[in-house]
Amino acid sequence: MASLVQELHVPHLNIPVTIDHVTPVMPAAPIPVSNGDSLYLSNLDDMIGARVFTPTVYFYRCNCSSMKKKRVGEILRDALASVLVPYYPFSGRLRETRNGKLEVFFGPNQGALMVEAHTDIAITDLGELEVPNPSWSPLIYIFPNEYNYKMIDMPLVIAQVTNFRCGGFSLGLRICHCLCDGQGAMQFISAWAATTKTGTLSTSPNPCWDREFFLPRNPPVVKFRHNEFMKIDETSSLTSSLWQAKPLQKCYRISKEFQTRLKEHAQPQNNDQPCTSFDAIAAHLWRSWVKALDVKPMDYELRLTFSVNARQKLRNPVLQDGFYGNVVCLACATSTVSEVVEGHISSTAARVREARQSVTEEYVRSTVDYMEVDRPTRLEFAGKLTITQWTRFSIYECADFGWGKPVYAGPIDLTPTPQVCVILPDGAASPRRSILVCICLSESAALRFKEYLLEICD
C-alpha cells in the first residue's frame, strides 16, 4: 500500500536573486476606458477570500529557440502589453468604495508590472521540481516594505522573469484573485502564452467582463444558512495546534490505483447516490488531517470547505463564453470530530457530496445576496480545512509561451494559510494520472498523517 502513496521531499534551498529591471507594462493600444473611469466587481469577486494575489511559478529548462534575439523578459513584456488591450481591467488598480467594497479604477501611470532578474545557479540545482517549495519565494516579486494582503493601489498582474545560469528561466506570477478565478486565470495566461508564441494577439475565447451579471437582488434574498461564512468560536485545539507551531508543508503523490481503491471503499453502504473521486479523496484527507492533529473535543463541529465552479449551473440566463471573473462558490460540509475520525468514510464522503451538490444556481445568487447583507471582513478559520483542487485547470497546457510546456507549474508556499490543502496535477507523471496533495501539518502530526493516509480500511 505504501508504494501507492509516496511522500515527496521538499528541499530547503537558497536562491540568490538579483533584480535587473522593474518596468510598468501599459496596454499596447487604446483601451475603452479613460482616467477616472471605474469597473464594477461582483460580490463573488469581492469575497474576503478573493482579496489576495495568487502566486504561481513556471519553470522552463532552456530558453534556446528561434524566437528572435530579444531577452525572454522583453518578449514576454511585449506580448503582455498586447494582451492588456482586450484584458484591459488588469491594467487598472483596486480601490475601496462604499462600505469597503472594491472596484477597479483607472488612472495615470498604472499598468501591469514586469520584473527581470537573474541568479547564478542552474535550474538543476533546484532538484526535481515536483512539488511546491517555499524556498522558491525569491522568484516571486514582492515590493519593498509590502505588507501582507495589500490590495489597494497594487498592480493587478506582477510578473518576474528570473534567468538561470544554465539558460533556463522561471516565470513567477502574482495575479489579483478579485479579477479572476482559477479558470479565468488560465484563460488570461493562455492568451498571453499564445500571443507570445505566435507574435500576434491571440485570444480564444474573447474575454468577457460583464460583472453586472452577478448584481445582488433588490431586496437581497438569502435562502441558505451559508455555514462557510459563519463566525464560530474556536473552542477546539485545531487552530492553535497549527498556528502556534511552525507548520510544515508536506506533499504526497497519490497513485491512480490508490484513488480507485479509495473511491470504491467510500461508496455509500445503502442505495444512495455514488460518490465521485473528489468526494472520496476530500473525505479521506479531512479525516487523516483531523486525526493527525488529534483535534479535541470530540463533539466540536468541524467545517470542510471547497470551491465549486458554478459556470455550468447558471441557466437563467447562461454565462457568456469568455467570462473570466469569479464564478466559484464555497461548498461547506460539517461534521463533529468524532463523526469524522470514527465514522465510516462513506458517511463523510456523503457529506462532501451533499455539500458539493448544494451549490445550485439559487445558491450562487444567495451567496451574492449574503455578501451584500453581511460582507465578511476577515477570514474565518475556526474548525476549518479548505481544499483547493487544481487538477481541472490546464495549468501546464496553457503555459507554452514558445519554449514548450513548463517542467513545473503551480503554487509555491502554503504555510501562510496552513488550513488550506491543495490538490495538484502531477506534471512529472501525468501519464500515470497520479495527483499531488500538499497540506500543512505541525511537526508532531506529520508522521501520523501519512500513517492515516495509508489507511483505507476502517
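Colleague: What share of the 458 residues in the protein chain is buried?

Modeller: Buried residues make up 54% of them, where buried means under 20% relative accessible area, exposed over 50% and partly exposed in between (1.4 Å probe, protein chains only). Bear in mind that this is a predicted model: local features need pLDDT of at least 70, side-chain atom pairs count only at pLDDT 80 or more, and totals for chains, interfaces and linings use all residues. Residues are numbered from 1 along each chain as its sequence is written, and side-chain values use heavy atoms, leaving out hydrogens and water.

Colleague: What makes the protein chain as compact as a globular protein of that length?

Modeller: The chain has nine helices and 16 strands (DSSP runs numbered from the N terminus: helices are H or I with at least four residues, strands E with at least two). Its radius of gyration is 22 Å, close to the 23 Å that the globule rule gives for 458 residues, so the description fits. The radius is taken over C-alpha atoms, and the rule is 2.2 Å times the number of residues to the power 0.38.

Colleague: How do you know that the span of helix α7 agrees with its 13 residues?

Modeller: The expected span is 1.5 Å times one less than the number of residues. For residues 345-357 that should be 18 Å, and the end C-alpha atoms are 18 Å apart, so the two agree. Among the buried residues of α7 are I345, V352 and R353. The buried residues of this helix pack against α4, α5, β11, β12 and α6, with contact meaning heavy atoms within 4.5 Å.

Colleague: Why is the pair of W136 and Y408 called edge-to-face?

Modeller: There are 24 aromatic pairs in the structure. Rings of Phe, Tyr and Trp (its six-membered ring) pair if their centres lie within 6.5 Å; planes under 30 degrees apart count as stacked, over 60 as edge-to-face and the rest as tilted. The centres of W136 and Y408 are 5.0 Å apart and their planes stand at 65 degrees, so edge-to-face is the right label. W136 sits in the loop between β7 and β8 and Y408 in strand β14, so the pair ties together parts 272 residues apart in sequence. W136 has 1% relative accessibility, so it counts as buried.

Colleague: What makes the pair of F224 and Y363 tilted?

Modeller: Their planes are 50 degrees apart, with 4.9 Å centre to centre. At 33% relative accessible area, F224 is partly exposed, whereas Y363, at 6%, counts as buried.
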